[in-house]
Amino acid sequence: QVQLVESGGGLVQPGGSLRLSCAASGFTFDRYDRYDMSWHRQAPGKERELVAIITGVGGNINYVDSVKGRFTISRDNAKNTVYLQMNSLKPEDTAVYYCVANLRYWGQGTQVTVSS
């Protein structure tokens with residue numbers, strides 16, 4: 001069974017940076033590098049939204065408009081890990097961030113709070 005464990009969340013001031021990591025395991029029959037990996041977030045009182053995605057085949061990347069130019073998604077297939085580098089953070093980035101594999105397997109989430 002695929003398991004995803006996020007880390008790297010926390011409290012940061014506006015304009016600061018955080019780097020989220022997601023370690024994946026349990027790929028019994030499939031190869032991790034074939035999975036599309038994505039980060040989603042859910043703020044209080046709001047619907048969950050897709051923030052960034054990096055495909056397994058081809059490594060194509062897409063971002064939600066609100067984070068373009070500030071966030072960077074990347075993956076290290078040798079370590080079964082996907083990252084989300086978040087720069088120039090804003091209070092509206094405050095949310096629980098989830099790592100997702102193939103839009104099917106979800107991590108437990110990590111809290112990101114941007115506040116002065």
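A residue counts as buried here when its relative accessible area is under 20%. Keep that cut-off in mind as we walk through this structure, which is a predicted model. Tyr-98 has a relative accessible area of 14%, so Tyr-98 is buried. Trp-106, at 35%, is partly exposed.

Those two residues belong together for another reason. The model has one aromatic pair. Its members are Tyr-98 and Trp-106, with ring centres 5.8 Å apart and planes at 70°, so the pair is edge-to-face.

Now for the inside. The largest nonpolar core has 29 residues, and Met-37, Trp-39, Val-82, Leu-84, Met-86 and Tyr-97 are the ones with the most contacts inside it. Who supplies this core? At least two residues come from each of β3 (18-25), β4 (37-42), β5 (49-54), β7 (71-76), β8 (81-86), β9 (95-101) and β11 (110-114). Met-86 makes a good stop on the tour. Setting aside neighbours within four places in sequence, Met-86 touches Gly-16, Ser-17, Leu-18, Leu-20, Arg-70, Phe-71, Tyr-97 and Val-112.

Next, follow the strands. One open sheet has four of them, in the order β1-β3-β8-β7, paired antiparallel. At its edges stand β1 (3-7) and β7, each with a single partner strand, so each has one side without a neighbour in the sheet. From one strand to the next, the twist averages 15°. If you look at where β7 meets β8, you'll find six bridges between these antiparallel strands. Ser-74, for instance, has Tyr-83 in β8 as its bridge partner.

Tyr-83 turns up again in a different kind of contact: the charged end of Arg-19 sits over its ring, 4.0 Å from the centre. A similar arrangement involves Arg-75, which lies over the face of Tyr-32 at 4.8 Å from the ring centre.

Finally, take a look at β11. Thr-110, Val-112 and Val-114 make up its covered face, while Gln-111 and Thr-113 are on the uncovered one. Which way do its partners run? Strand β2 (residues 10-12) runs parallel to β11 and is joined to it by three bridges, with Gly-10 opposite Val-112. β9, on the other hand, pairs with β11 in the antiparallel sense, over three bridges. There, Tyr-97 has Thr-110 as its bridge partner. Tyr-97 and Val-112 should ring a bell, since both are among the contacts of Met-86.

Notes
Residues are numbered from 1 along each chain as its sequence is written. This is a predicted model: local features need pLDDT of at least 70, side-chain atom pairs count only at pLDDT 80 or more; totals for chains, interfaces and linings use all residues. Side-chain values use heavy atoms; hydrogens and water are left out. Rings of Phe, Tyr and Trp (its six-membered ring) pair if their centres lie within 6.5 Å; planes under 30 degrees apart count as stacked, over 60 as edge-to-face and the rest as tilted. Buried means under 20% relative accessible area, exposed over 50%, partly exposed in between (1.4 Å probe, protein chains only). A charge sits over a ring if NZ of Lys or CZ of Arg is within 6 Å of the ring centre and within 35 degrees of the ring normal. A nonpolar core is a set of buried Ala, Val, Leu, Ile, Met, Phe, Trp, Tyr and Cys residues joined through side-chain atoms within 4.5 Å. Helices (H or I, at least four residues) and strands (E, at least two) are DSSP runs, numbered from the N terminus. Contact means heavy atoms within 4.5 Å. Two strands pair if DSSP finds at least two bridges between them. Axes are lines fitted to C-alpha atoms, for helices over the stretch in contact, and angles run from 0 to 180 degrees between N-to-C directions.
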